[in-house]
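Reader: Hey, I've got this structure open and I'm a bit lost. Can you walk me through some of it?
Author: Sure, let's have a look together.

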Amino acid sequence: MPRAVSLSFLGTCSGGGPLLNRSCSSSLLDIAGALWMVDCAEGTLRQLMLSGIRMTRLRRIFITHLHADHCLGVVPVMSNLMSGAGGTDRTDLRLEVYGLSGLRELIRTTLKITKLQLNGKYAVHELLHPGDTPYSCAQEDLHGNELPGRDIYCGDDGFWRAFEKSDGFDIDAGPILHRVNSLGYVFREPPQTSRLELTQIMDPINRNKEALAKIGFSPPFKVVDHILSIRQPYTLPDGYVIDPPSVIPGRKLVILGDTHDPWAMKDLAMDASVLVHEATNAYIPPNLVRSGRSSGPPSEEATRAKAISRGHSTPGMAGEFAKAINAQRLILNHFSARFVPADSSPSYAWSSNGRNSRHQHGRGRSGDDDKSRVIREIERQATAGWLESSDPSKWPTAVAAWDFLSIDIREHEARDNMNADISDLREQRNVGTPPQQTTVDFDTASADLILPLTECTNCTGPLFDSKASSTFRISEDDFDQEFADGSAVSGKVATDTVTLAGLTIQNQAFAAATKETGRYNKLGVFAGIMGLAFPPLANTRKNPFFVNLVEQKALASNLFSFYLARNGAEGSELCLGCISSSKYTGDLQWFPVDLQDTFGIAYYWNIATAGLTYNGTPLAGGDYSLLVDTGTTLIFVPSDNAEALYNQIPGSSRAPELGKGYFKFPCNSTLSPVALRFGSSDFAIHPSDFNVGAHPSDPASCIGAVLSVPNGSNAVAGDAFLKNWYSVYDYDEMRVGFAPANH
């Protein structure tokens with residue numbers, strides 16, 4: 001999986017600001033933990049502090065042009081990042097700054113006049129046009145903390161191509177038209193190659209071992225190296241075809257400075273994964289504001305002319321450029337002080353990937369006040385220029401950025417709904433003092449909070465730096481946990497301050513992981529796990545985070561609920577202490593936690609089921625206890641019940657080549673309704689969720705989402721079931737509720 005890349009905004013106002021809730025221009029790229037900043041207005045230092053981002057991760061600052069609202073915050077940020085208050089003995093390079101001619105002298109002069117004491121070194125690299133005279137980097141001209149920077153002249157075509165390579169990205173720059181020289185930056189990731197799933201090809205290769213040896217592949221897995229070198233499908237002697245790893249397009253982020261004409265950069269910016277474009281001026285029809293009067297020019301055409309005369313753009317102009325470069329995402333920023341962002345109250349609704357769905361997309365965007373309607377109109381105008389549809393209910397749409405907006409750029413292509421990738425920096429999950437951001441998979445089948453430390457072996461995701469937290473305490477108690485798939489995690493039990501959606505628990509116990517093995521460390525964007533099951537299940541022998549919230553009376557109701565999106569269409573959500581009625585239809589049906597086999601002690605959120613039904617008919621092998629598990633993808637039922645289901649689908653058979661418990665069925669099957677029965681009601685599984693996808697070596701067969709486990713083993717209903725049903729977990733009443741999910 002490509003490493004994490006996010007784009008965040010610290011300031012979204014033009015030079016007419018700042019406003020109380022819009023600071024002037026600055027944005028951040030977080031590339032697998034390394035921070036790069038684009039523009040740094042006065043006030044950016046405070047925005048950084050409010051965001052909770054650890055400033056020590058900042059490595060590079062890229063300035064688009066030398067107007068005050070884009071560059072006067074550089075020295076204050078340096079004064080904090082490289083503070084000399086505790087000593088000035090560091091000699092390492094701590095910050096690199098890039099920009100047009102004059103930036104080097106601006107920083108030197110400010111440091112000289114203010115007599116700031118810095119600890120460590122910085123360098124300023126200037127991007128020069130032919131005829132520019134670079135500011136000297138002779139030793140006698142350097143500031144005491146300055147290392148010589150590079151003088152980077154553009155090529156014959158006027159562009160600075162790959163002038164920097166770092167953290168797996170190539171960085172380009174190009175000229176755009178404004179009242180002064182201005183730049184656009186392009187951050188390019190080369191194409192990535194997916195992993196070859198060895199577990200799926202081990203059996204076919206071993207099956208052809210002797211034949212492969214005869215044609216020079218001994219040991220037989222040398223054929224894998226051959227496939228990787230030719231990058232073409234390879235047919236084994238028995239006819240089994242192994243496909244090479246697929247090529248994943250690299251991400252391309254285009255961030256423009258102020259401009260009324262970026263078209264010289266069209267080719268350089270082509271096929272952008274995300275385009276950040278200014279929209280300083282916008283025409284707002286009078287009927288959208290309650291007063292019936294709209295300040296500014298009287299028409300969209302007049303507004304466009306005014307914007308161009310001042311070197312700026314309108315939303316429509318941004319949309320036109322986004323369309324021309326085939327941008328996957330369009331983010332608007334640099335708004336006139338007329339366009340105040342709409343506020344919204346704090347929400348405790350959190351998605352499974354850390355996104356606050358109640359904000360939808362833009363703080364208060366869904367409101368009916370003047371501010372919300374104006375922001376929606378700005379987005380509508382940009383979307384109309386970019387795409388054929390300007391319907392705000394359709395996706396994608398342009399996004400009018402607000403301060404602290406953060407967007408995950410998970411891959412080149414945008415999802416159908418970018419809401420699933422949007423969050424607010426002030427509302428992340430934080431651990432420690434000062435707070436460090438992390439990501440967790442919310443799991444109803446475990447009860448421990450597990451977070452990997454920076455020294456963890458084989459760990460992925462944002463790692464927790466325990467040494468940087470003044471409230472971190474580690475115990476002598478060991479933590480070891482093995483999961484059902486054979487993966488494992490180990491470390492020590494520790495405590496620290498943990499915050500989720502504004503809810504804080506001090507001295508929250510968690511597993512400080514120092515080693516992870518197997519599939520655990522392939523959770524993708526999730527660094528750890530937050531268990532939501534009952535305390536007796538906890539290997540830390542401490543209360544889970546949710547139970548501590550209950551005991552501290554921090555919730556309006558002692559329950560939580562899940563909405564799981566299908567293909568990311570609406571954005572998954574965890575609602576702590578609440579039920580989101582807009583996420584389901586009808587009434588919730590409740591079922592008690594099954595304590596029959598646990599001597600009255602609750603471990604899991606498991607409920608009694610009559611088992612699977614097919615077309616409304618109960619199948620053999622039913623009547624068992626089933627664990628409702630948000631941390632599992634598929635559905636696992638006793639072997640007899642699974643066999644009975646697939647016997648109803650002609651042409652079905654077991655698929656041991658995929659692993660234990662798998663079944664396959666003809667892809668052209670006409671399926672009758674498949675459901676799980678609780679009480680007297682059937683809870684159906686949508687055909688798109690039942691069908692996991694085509695069999696890797698048998699394209700006419702598809703893989704079923706229902707797997708078998710030995711009779712008497714734990715049965716589990718994972719995401720393939722839960723995508724269909726809004727689920728509520730009531731701690732006080734010890735029950736689970738289901739209602740049809742809105743998709």
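Reader: Let's start with strand 16 and strand 17: in which sense do they pair?
Author: This is a predicted model, and in it strand 16 (residues 252-256) runs parallel to strand 17, with three bridges between them. Isoleucine 255 has valine 276 of strand 17 as its bridge partner.

Reader: And strand 18, how many bridges does it share with strand 17?
Author: Four bridges link strand 17 (residues 274-278) and strand 18 (residues 330-333), in the parallel sense. Leucine 275 is partnered with leucine 330 in strand 18, and glutamate 278 with asparagine 333 in strand 18.

Reader: What holds paired strands together, generally?
Author: Strands in a sheet pair through backbone hydrogen bonds, and the pairing can be parallel or antiparallel.

Reader: Ok, so what's the order of strands in the sheet with strand 17?
Author: The sheet is open, has seven strands and goes 9-10-11-16-17-18-20, with mixed pairing. At its edges are strand 9 (160-166) and strand 20 (399-400), each of which pairs on one side only.

Reader: Is strand 17 mostly covered or mostly open?
Author: Mostly covered, as five of its five residues are buried. Val274, Val276 and Glu278 point one way, while Leu275 and His277 point the other way, and all are buried.

Reader: New topic. Which residues touch valine 38?
Author: Valine 38 sits in strand 3 (residues 34-40). Leaving out residues up to four places away in sequence, valine 38 touches Ser26, Ser27, Phe62, Thr64, Tyr185, Phe187 and Ile255.

Reader: Buried or exposed, that valine 38?
Author: Buried: its relative accessible area is 3%, and the cut-off for buried is under 20%. Valine 38 and glycine 184 are 146 residues apart in sequence, yet their C-alpha atoms are 9.9 Å apart in space.

Reader: How about helix 7, which of its residues are buried?
Author: In helix 7 (residues 222-230), the buried ones are Val223, Val224 and Ile227. They fall within an arc of 105° when you look down the helix axis, so they line one face of the helix.

Reader: And what's on the face turned away from the buried side?
Author: That face of helix 7 carries Asp225 and Ser229, which are exposed. Just after helix 7 comes arginine 231, with a positive phi of about 55°.

Reader: Cool. Which residues touch the most other members in the largest nonpolar core?
Author: That core has 69 residues, and the ones touching the most other members are Phe560, Leu576, Leu645, Phe678, Phe690, Phe721 and Phe738. Setting aside neighbours within four places in sequence, phenylalanine 678 is in contact with Phe591, Ile607, Ala608, Thr609, Leu626, Phe683, Phe721 and Phe738. Another core lies apart from the largest one; it has 33 residues, including Ala34, Ile152, Val399 and Ile409.

Reader: Why would nonpolar side chains be buried together?
Author: It's a general tendency of nonpolar side chains in soluble globular proteins.

Reader: Back to sheets. What partners strand 35?
Author: Strand 35 (residues 611-614) is joined to strand 41 (residues 674-678) by four bridges, and the two run antiparallel. Leucine 612 has leucine 676 of strand 41 as its bridge partner. The open sheet they belong to has four strands in the order 36-35-41-42, with antiparallel pairing. Strand 36 (617-618) and strand 42 (681-685) are at the edges with a single partner strand each, so one side of each has no neighbour in the sheet.

Reader: What does serine 708 make a polar contact with?
Author: Its side chain has a polar contact of 2.9 Å with the side chain of arginine 654. Serine 708 lies in strand 45 (residues 706-709) and is buried, with a relative accessible area of 11%.

Reader: Last one: what pLDDT does the protein average?
Author: The average is 86, and 88% of the residues score at least 70. Over residues 390-395, though, the pLDDT is below 50, and that stretch has twelve contacts in the model beyond near neighbours in sequence. Residues 519-524 are also below 50, with 18 such contacts. Where pLDDT is low, the predicted coordinates shouldn't be read in detail.

Conventions
Residues are numbered from 1 along each chain as its sequence is written. This is a predicted model: local features need pLDDT of at least 70, side-chain atom pairs count only at pLDDT 80 or more; totals for chains, interfaces and linings use all residues. Side-chain values use heavy atoms; hydrogens and water are left out. Two strands pair if DSSP finds at least two bridges between them. Buried means under 20% relative accessible area, exposed over 50%, partly exposed in between (1.4 Å probe, protein chains only). A polar contact is a pair of N or O atoms within 3.5 Å; within protein, one must be able to donate a hydrogen and the other to accept it, and residues adjacent in sequence count only if both atoms are side-chain atoms. pLDDT is the predictor's confidence in each residue, from 0 to 100. Contact means heavy atoms within 4.5 Å. A nonpolar core is a set of buried Ala, Val, Leu, Ile, Met, Phe, Trp, Tyr and Cys residues joined through side-chain atoms within 4.5 Å. The arc is that of the directions from the helix axis to the C-beta atoms.
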